[in-house]
Amino acid sequence: MSDHSVSESTPVPVQPRVAIVTGAATGIGRASAEIFADRGYAVVAVDISTEALAWTRDREGIRLLVGDVSDDAVAAEMVAMALETFGRLDTVVLNAGIARRIGWQDEDAMALFDRIMAVNVRGVVSGIRHAAPAMADRGGGAIVATASTSGVGGDPERWAYNASKAAVINLVKAAAIDFGARGVRVNAVAPGPTLTPILQGGAVTQEHLEALRRPIPLQRLARPQEQAEVIWFLGTAASSFVTGTTVMCDGGITANAGIFLPPSAALLDIHH
Ligand SMILES: NC(=O)c1ccc[n+]([C@@H]2O[C@H](COP(=O)([O-])OP(=O)(O)OC[C@H]3O[C@@H](n4cnc5c(N)ncnc54)[C@H](O)[C@@H]3O)[C@@H](O)[C@H]2O)c1
């Protein structure tokens, strides 16, 4: 049968859009992968943790890649997987990250610093390095990195994390300049304290949660889905003229000059 037998009105099957999400096993990454999948994207979910990725098994249109984002080869592999499995690449969410409290004099301070920089910064560099040209070659796309309020100010004994997230905020500016002319936008979301498994898993006391809530003008912690909505905005055409920026999703915490606490509310979780 020749191609001519296909009438001009025969609908051409539309390939679903495709997103890669790193750190997709839990928390903000999982919420992002779910939002993209729920809204019709095919998703490549990347994480270092195999068992935590189990939630994806029952979901159609999600492919798993188990790997460490600090390994440049993993970034190459995730991009190749998206293109080979789903035939296109529209959005890349570089979200995998780790945080550690480190004393300046700790014996393992420099090893921990190197690890945090490797995952939080090198991982983002690798992701951009491999994804941006692939998207540029196919007409463009959007990259969203997960920064943090910790990238715009310091936290006690979290200097390595602070340095890594500040680097992410400037990296998206640099990459936005380099890839803008080829149709690739690069932005970041900067979450404030967010109720991810790390915070809910029992490692953190009620007292600590209360201390986190107190300086936040909205007087509650974020839900992972609230971060994912910002990632969705930055990763899709809704933000088509936005590039090189970081959107604070922090309940107003960085709006405070830092001298006075905002008026407090009695409830831990205030709904809007
Ligand atoms: N939860 C918060 O309050 C908060 C605030 C600001 C920024 N962030 C940032 O948001 C991002 C997501 O964090 P979260 O709160 O959802 O935490 P999380 O620990 O629930 O999720 C992080 C995910 O990244 C994965 N991961 C860690 N190292 C990896 C590696 N080397 N390679 C591949 N995957 C790796 C983990 O297995 C985990 O699934 C991180 O970059 C974090 O720094 C979180």
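Reader: By class, which residues make up the shell around the ligand?

Author: A handy way to read a shell is to sort it by class. In this predicted model, the shell around the ligand has 13 nonpolar, 13 polar and 2 charged residues.

Reader: How many residues surround the ligand, and which are the closest?

Author: There are 28 residues around the ligand. Gly23, Ala25, Gly27, Gly97 and Thr196 are the closest.

Reader: Which helices supply at least two residues of that shell?

Author: Look at helix 1 (27-38) and helix 5 (197-200), since each supplies at least two. Helix 1 gives the largest share of the shell, 3 residues.

Reader: Let's stay with helix 1, then. How many of its residues are buried?

Author: To read burial, count the C-beta atoms around a residue: with 20 or more others within 10 Å, the residue is buried. In helix 1, 11 of the 12 residues are buried, so by that count the helix is mostly covered. Among them are Gly27, Arg30, Glu34 and Phe36.

Reader: Which way do residues along a helix point?

Author: An α-helix has 3.6 residues a turn, so residues three or four places apart point the same way. In helix 1, buried residues include Ile28, Ala31 and Ile35.

Reader: What span should helix 1 have, and why?

Author: The trick is to work from 1.5 Å a residue. On that basis the 12 residues of helix 1 should span 16 Å, and because its end C-alpha atoms are 16 Å apart, the two agree. After the helix comes glycine 40, with a positive phi near 100°.

Reader: What do strand 1, helix 1 and strand 2 make together?

Author: They make a right-handed β-α-β unit. Strand 1 (residues 18-22) comes before the helix, and strand 2 covers residues 42-47. The two strands pair in the parallel sense over 5 bridges, with valine 18 opposite alanine 42 in strand 2.

Reader: Are the faces of strand 1 covered or open?

Author: For a strand, check each side in turn. On one side of strand 1 are Val18, Ile20 and Thr22, on the other Ala19 and Val21, and all are buried. That is 5 of its 5 residues.

Reader: How many bridges join strand 1 to strand 4?

Author: There are 3 bridges, and these two strands run parallel. For partners, take isoleucine 20, which stands opposite valine 92 in strand 4, and valine 21, whose bridge partner there is valine 93.

Reader: And which way do the residues of strand 4 point?

Author: Strand 4 (residues 91-94) sends Thr91 and Val93 one way and Val92 and Leu94 the other way, and all are buried.

Reader: What joins strand 4 to strand 5?

Author: Here you'll find 4 bridges, and the strands run parallel. Strand 5 spans residues 141-146, and its alanine 142 stands opposite threonine 91. With helix 3 (residues 109-137), strands 4 and 5 make a right-handed β-α-β unit.

Reader: Where is the kink in helix 3?

Author: A kink is read as a change in the direction of the helix axis. In helix 3 the kink is about 35° and is centred on alanine 118. The helix has 29 residues and reaches 41 Å from its first C-alpha to its last, close to the expected 42 Å. Glycine 139 follows helix 3, and its phi is positive, near 100°.

Reader: What sign does phi have in most residues other than glycine?

Author: In most residues other than glycine, phi is negative. Glutamate 157 has a positive phi, near 55°, and lies in the loop between strand 5 and helix 4 (159-179). Glutamine 219 has a positive phi too, of about 60°; its place is the loop between helix 6 (206-213) and helix 7 (224-235).

Reader: Why does glutamate 157 count as partly exposed?

Author: It has 14 C-beta neighbours inside 10 Å, and therefore counts as partly exposed. Glutamine 219 counts as partly exposed because it has 19.

Reader: One last spot: where does glycine 67 lie?

Author: Glycine 67 is in the loop between strand 3 (62-66) and helix 2 (72-86). Because it has 17 C-beta neighbours inside 10 Å, it counts as partly exposed. Sequence distance and distance in space are separate things to read: glycine 67 and isoleucine 48 are 19 residues apart in sequence and 4.8 Å apart in space, C-alpha to C-alpha.

Methods. Residues numbered from 1 in each chain as written. Predicted model: local features only at pLDDT ≥ 70, side-chain atom pairs only at ≥ 80, totals over all residues. Near = placed C-beta within 6 Å. Nonpolar A, V, L, I, M, F, W, Y, C, P; charged D, E, K, R; others polar. Pairing = 2+ DSSP bridges. Right-handed = clockwise from strand over helix to strand, strands pointing away. Expected span 1.5 Å × (residues − 1). Bend = angle between axes of the 7 residues up to and from the residue.
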